[in-house]
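Reader: I'm new to this one and would like a close look at a single part. Could you walk me through how one helix sits among its neighbours?

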Amino acid sequence: MHGVTLWQLPQECSYKENGEFKLDIDKDTVSNLYTWQDGRCDTSFLNCLPKSKSHLPAHTGYGCATLFWFAKNKPEKLEKYARCGTVQDLVVSLLCGSDEVKMSTQSAASWGYFLTEEKRWDTEALESDGFPLRLLPSEILTPGQPVGTLAHNWFGVPAGVTIGVALGDLQCSVYALLKEPTDAVMNISTSAQLAYVHPSFKPRVGSSSDKIEYFPYFDDKYLAVAASMNGGNTLATFVKSLQHWTLELGFSVPQSKVWEKLIALGNDDNTAISDMTIVPTLLGERYAPDQTASVTGITLDTLHLGNIFRALCSGIIRNMHNIMSKDELGTMGITRIVGNGSGLVRNPVLQKEVSHWYSLPLELGHTGDAALGAAFAVIRHNSH
């Protein structure tokens with residue numbers, strides 16, 4: 001939802017013998033996908049960009065920030081292309097066989113420089129510093145709106161079927177999981193997010209804090225989001241480091257075995273909760289991009305592997321709690337957390353730490369797939 005890809009105008013699709021078509025794209029007509037993990041826009045570059053009237057800032061890896069970087073550093077790259085969008089917008093355009101790109105408010109807001117209440121780009125700010133406006137999607141749609149119809153039969157789906165506008169993956173995951181307005185959703189996979197639907201939020205400049213941001217959801221509501229750059233990726237880095245150390249010592253241990261042992265040790269009731277504190281921000285945070293990771297409270301009694309893994313899991317949830325605390329959730333009437341994402345669902349040590357830091361019931365969700373949420377949303381918003 002934050003990433004951007006660029007392409008030339010759609011080409012003819014190549015056909016299979018059965019008459020169905022495939023999305024066969026010439027790699028020379030489509031750019032790389034620049035994701036939310038793209039780090040080319042450092043703090044000094046972002047600080048030089050024009051100020052927007054949008055309540056949402058543009059961070060590195062966000063579509064508009066990435067396009068600004070190319071406009072200022074590699075303008076010849078942009079000259080090769082005629083359109084841009086999220087990768088899901090590209091897929092929708094190809095399915096519809098359309099020259100025009102239509103984007104949802106959810107995706108547009110995720111790029112920065114988008115005025116959510118007016119449903120338009122902040123063209124005044126963008127134009128003031130040479131932004132390539134010609135590339136931006138031509139039309140912004142409300143989540144659930146159709147963008148066109150399927151151009152050809154596709155894997156058993158008949159031509160002419162209505163196609164909805166591409167939606168934000170976070171919003172759709174939340175949509176699939178929430179059962180009550182008093183629920184919050186915590187997702188830990190590569191990164192980590194904690195979100196709830198705010199009942200009355202209306203944006204104004206500066207209304208998102210440094211740590212909590214408000215993205216368009218469904219039915220004109222906003223999703224309050226605490227997004228951490230450090231989630232399952234931090235745990236995975238620790239596991240890979242352990243595997244590499246053992247290899248340097250002359251032993252080969254599969255990652256699956258390392259995970260299995262770490263979780264067993266960390267989840268053991270005999271593993272004491274030590275005074276070791278791990279700040280797990282290997283990738284910094286959007287509100288503090290230069291922050292690094294650290295470990296304190298190391299003693300002779302804290303160097304057991306189970307204690308270290310437990311402290312790392314605790315640090316990941318503590319870091320999330322520093323962004324969106326249990327007091328914030330309590331103020332909004334949140335009474336339960338629904339957990340999702342492989343990093344959380346498969347790790348009982350993280351689950352214990354969620355319960356410890358937030359003192360709320362944790363229910364693991366099993367329907368938090370963004371594709372399922374997107375299907376639910378389109379069905380509901382077109383059922384009338």
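Author: Contact here means heavy atoms within 4.5 Å. Keep in mind that this is a predicted model.

Let's settle on helix H9, residues 255-267, and start with its meeting with H8. On the H8 side, the residues in contact are Leu-235, Ala-236, Phe-238, Val-239, Lys-240, Leu-242 and Gln-243. H9 answers with Gln-255, Val-258, Trp-259 and Leu-262. Sorted by class, the residues where H8 meets H9 come out as 8 nonpolar, 2 polar and 1 charged.

How do the two helices lie against each other? The axes of H8 (residues 232-248) and H9 come within 10 Å and cross at roughly 115°. Angles of 65 to 115 degrees count as roughly perpendicular, so H8 is roughly perpendicular to H9. As for handedness, H8 passes H9 in a right-handed crossing.

Now move on to helix H10, which covers residues 305-323. H9 and H10 pack at an angle of about 85°, and their axes are 8 Å apart. That angle makes H9 roughly perpendicular to H10. From H9, the contact uses Leu-262, Ile-263, Leu-265 and Gly-266; from H10, it uses Leu-305, Gly-306, Phe-309 and Arg-310. Go through them by class and you get 5 nonpolar, 2 polar and 1 charged. You've met Leu-262 already: this H9 residue touches H8 and also takes part in the contact with H10.

The next partner is helix H13, residues 348-358. Here the axes are 8 Å apart and the packing angle is about 35°. H9 brings Ile-263, Gly-266 and Asn-267 to this contact, while H13 brings Pro-348, Val-349 and Lys-352. The class count for H9 with H13 is 3 nonpolar, 2 polar and 1 charged. Two more H9 residues turn up twice: Ile-263 and Gly-266 are part of the contact with H13 and part of the contact with H10.

So if you want to trace this on the model, begin at Gln-255, Val-258 and Trp-259, which meet H8. Carry on to Leu-262, listed in the contacts with H8 and with H10. Then look at Ile-263 and Gly-266, listed with H10 and with H13. Leu-265 belongs to the H10 contact, and Asn-267 belongs to the H13 contact.

Methods:
Residues are numbered from 1 along each chain as its sequence is written. This is a predicted model: local features need pLDDT of at least 70, side-chain atom pairs count only at pLDDT 80 or more; totals for chains, interfaces and linings use all residues. Side-chain values use heavy atoms; hydrogens and water are left out. Axes are lines fitted to C-alpha atoms, for helices over the stretch in contact, and angles run from 0 to 180 degrees between N-to-C directions. Helices (H or I, at least four residues) and strands (E, at least two) are DSSP runs, numbered from the N terminus. Angles under 35 degrees count as roughly parallel, over 145 as roughly antiparallel, 65 to 115 as roughly perpendicular and the rest as oblique. A crossing is left-handed if the near helix is turned anticlockwise from the far one by less than a right angle, and right-handed if clockwise. Ala, Val, Leu, Ile, Met, Phe, Trp, Tyr, Cys and Pro count as nonpolar, Asp, Glu, Lys and Arg as charged, and the others, Gly among them, as polar.
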